[in-house]
Amino acid sequence: MRLLRLYRVFFSAAVLFSLFLLIVVVGCDRPSDHVTIRFWNGFTGPDGRTMLGLVRQFNQDNPDVRVLMQRMEWPSYYNKLFVAGLGQRAPEVCVIHTDVLERFIQAGFVYPVDNFLKGEHGIDVNDFDENVWKAVEKESKHYALPLDVHPLGLYYNKTLFCEAGIVDASGNAKPPINQQVFIDAALKITRDLDGDGTIDQWGFVYTWFRTNVYAMMAQWGGPIFNNEGNTCLLNSPENVQALQFCVDLIHKYQVAPPPENYDAWIGFRQGKIGMAFEGIYMLADLEKQTDLDYAGSPIPKLGKVKATWASSHNLCIRSDLDEDKQVASWRFIKYLTDHSVDWAKGGQIPVRKSLRNSEAFHSLEIQNEFANQIPYVHYMPRVPYIFEFYSEFDLAIEKALRGSATPKAALDVATENINKVIERHKRLFSESRTHGDEQ
Amino acid sequence: MGMSNKMRQFTWSGYMFLVPYLLLFSSFLILPLIYGLALSFCQWEILSPAPPRFVGWANYQEALNSEYFWKAFWATFRFVLMAVPIIVSSALLISCGLNQVTARNRQSFYRAAYFLPTLISISVAGILWRWFYNNEFGLFNAFLADWGLKVPWLTEVSVAMKSIVLMTLWWTVGGSVIIFLAALKQIPDQYYEAASIDGAGTFHRFLYITLPLLRPVLLFVVVMSIIGSFQVFGQTFMMTRGGPELSTRVLVQYIYETAFTNYRMGYAAAMSWLLFLAIAVFSIIQFRLMRER
């Protein structure tokens with residue numbers, strides 16, 4: 001008898017639940033008076049909450065558009081996005097990093113925004129820095145609206161600087177601005193604290209080899225590809241010199257720990273490192289470290305010119321939308337860049353000059369220091385085979401920094417392999433062009 | 001006559017029972033397998049709009065001439081060579097030990113303890129062990145610091161693969177332990193009693209009774225772990241991403257990157273078939289070596 005009653009309860013619960021589902025489904029299906037925009041990005045960290053806040057605000061301010069945001073992890077994000085594009089199921093709006101943009105442009109997945117720049121919801125492109133705006137351009141069309149720019153900068157430990165006496169007239173820690181001062185400071189901070197014969201406090205440390213070394217190559221002025229983009233010049237003398245300098249910091253000056261035995265960023269957070277080059281996006285992580293007295297500044301001029309690495313999150317519109325969706329998507333991405341000061345608080349720099357002049361941005365000290373570098377930031381080369389380039393580049397500089405190959409030998413091998421990739425791509429795209437002609 | 005009719009009906013209904021499985025099996029395994037084989041003879045790079053184009057053996061040729069393919073193959077092979085003997089012999093040892101634990105609930109406790117890691121997904125286990133292995137604040141180096149040691153678990157070329165093997169041992173040994181334990185329970189006690197009366201010690205009893213009677217199960221476990229080890233991916237991908245200096249980039253990771261980062265589907269398919277070939281060859285060798293004589 002009790003069993004029977006239990007069944008009845010279950011049965012009615014099931015019926016009620018199905019009814020509920022039916023109502024929800026029907027409710028969603030009714031002809032809508034708004035345009036729905038799907039928005040994909042990889043902001044899975046704290047930045048995701050900031051972005052979600054902006055999206056909600058947009059939805060509130062714009063009742064005729066509804067944006068649905070979906071987040072996924074960056075490492076697999078581009079695979080999913082590309083495959084979704086192939087299957088014609090890409091989101092209306094998505095975030096694409098500058099270095100990856102080229103392959104999406106080449107595949108025809110993103111729509112140029114130039115038509116929207118003037119008119120009712122227009123935007124003044126002079127508000128972008130020239131190099132940032134140029135980074136989304138191809139054949140005089142612009143394929144995205146940059147949301148932010150995140151350059152590599154210098155983080156330094158103020159306590160260690162003061163202890164080593166690297167201070168200005170008023171006794172504040174003084175970040176280095178050129179090679180000699182940089183090496184001096186690093187030498188002063190590098191110490192064996194407990195006298196056991198091994199160094200346990202380092203002047204400098206490599207964080208992400210890729211960005212750290214690329215910034216140096218930019219400072220030495222080495223080209224990565226020729227102007228036509230069909231020959232790799234990674235082993236040019238300037239790049240070899242830049243990499244040699246990076247290696248020297250470990251092996252000659254001995255102010256940076258060998259990479260095989262050190263967790264760089266953790267070391268900096270623990271206060272055992274004087275200086276590190278990292279992106280502005282690591283600021284949120286540092287702010288959690290309340291016992292660390294740190295500051296930020298532009299990367300010192302270690303090579304021939306001032307330069308650093310940077311990338312941007314760009315807002316892209318899918319290429320095959322009808323006009324309603326296009327306009328709605330444009331309004332949404334413009335709204336995001338208009339409000340990118342809020343976005344910057346999570347460890348980013350707004351891309352528009354007018355916003356960087358605002359009161360709200362001036363109160364963000366380290367962001368301001370890093371932002372000073374924007375006029376001379378270098379983006380990664382824009383090639384469709386960027387990931388194949390990265391695997392060669394990463395391997396070469398890792399070998400050099402670990403001392404298992406000389407900078408010249410490592411870069412020679414990488415250059416040869418990248419040139420093979422270029423050849424393959426040339427063949428592939430000449431084939432696909434003839435295929436296109438047949439159609 | 002009626003009898004044979006009945007028989008035919010019976011087999012027919014048997015196939016009907018198999019249909020749901022066969023449908024899934026063929027649509028998710030057989031068809032992709034054939035599709036992959038066809039693809040391995042084609043050039044298909046989805047970065048370009050060109051459709052797949054037949055290129056004969058070109059993909060296989062490229063793989064066999066590629067430094068990266070052989071580097072990945074060698075990394076995989078080194079993993080198999082280290083992981084299989086260590087995992088199988090540890091499993092055998094542990095299960096023999098467990099078999100001696102006579103208190104029933106205590107045995108179930110230990111069995112569960114060894115089996116538990118197998119249930120953890122590789123992403124969780126990988127992240128966990130990456131923290132264990134951390135140079136600066138990892139668990140292992142914290143212990144070793146008392147002896148003034150600091151091991152670069154995942155950051156030194158000569159150490160990284162061994163650390164991966166150690167983690168794999170912890171993660172997968174439980175499955176084999178359960179299988180061995182079940183097999184050990186099948187061996188009748190009389191054999192051991194008789195051997196003891198004849199004066200055989202523990203070691204001889206293990207060598208002349210346990211091992212020969214475990215042979216079929218041993219063969220199964222060895223072959224399965226060779227197949228599994230050749231397909232190693234999650235551990236290296238979660239803990240080292242193939243580094244340092246590609247020393248732990250195994251074949252499956254290289255295939256994954258080729259297909260889903262560089263979008264070279266045909267080339268990736270060809271390498272997958274080469275991997276399949278390698279697994280098949282080593283499994284056949286095992287069967288030959290350990291076949292009942």
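What share of the contacts in chain B with a separation of 6 or more comes from residues 24 or more positions apart? For chain B of this predicted model, the share is 68%, and I would like to keep that figure in mind while we go through the chain, beginning with its overall form and then turning to one of its helices.

Chain B is built from 12 helices and two strands, and if you follow the elements from the N terminus, you meet a helix, then the two strands one after the other, and from there on helices up to the end. A compact globule of 293 residues would be expected to have a radius of gyration near 19 Å, whereas the value computed for chain B is 24 Å. Along the principal axes, the C-alpha trace of chain B spans about 85 × 75 × 35 Å, and 30% of the 293 residues of this chain count as buried.

The helix I would like to dwell on is α9 of chain B, which takes in residues 202-230 and whose end C-alpha atoms are only 35 Å apart, although a straight helix of 29 residues would span 42 Å at 1.5 Å a residue. When you look along α9(B) on the screen, please look at B:R215, where there is a kink of about 60°, shortly before the proline B:P216. Several residues of α9(B) are buried, among them B:L214, B:L218, B:V221, B:V222 and B:F230, and the cover over the buried residues of this helix includes three other helices of chain B, namely α3 (67-100), α7 (157-186) and α12 (265-290).

Let me now move to chain A, and to its domains. The domain assignment divides chain A into domain 1, made of 35-147 and 312-372, and domain 2, made of 151-311 and 381-429, and the C-alpha centres of these two domains of chain A lie 29 Å apart. To the contact between them, domain 1 of chain A brings 18 residues and domain 2 of chain A brings 15 residues.

On the side of domain 1 of chain A that touches domain 2 of chain A, the helices α4 (98-106) and α16 (365-371) each supply at least two residues, and it is α4(A) that gives the most, with six residues. Sorted by class, that side of domain 1 of chain A has five nonpolar, nine polar and four charged residues.

Conventions
Residues numbered from 1 in each chain as written. Chains lettered and ligands numbered in written order. Predicted model: local features only at pLDDT ≥ 70, side-chain atom pairs only at ≥ 80, totals over all residues. Helix = DSSP H or I, 4+ residues; strand = E, 2+ residues; numbered from the N terminus. Expected span 1.5 Å × (residues − 1). Bend = angle between axes of the 7 residues up to and from the residue. Buried ≥ 20, exposed ≤ 12 C-beta atoms within 10 Å, placed from the backbone. Contact = placed C-beta atoms within 7 Å. Domains from an automatic or database assignment. Nonpolar A, V, L, I, M, F, W, Y, C, P; charged D, E, K, R; others polar. Rg over C-alpha atoms; globule rule 2.2 N^0.38 Å.
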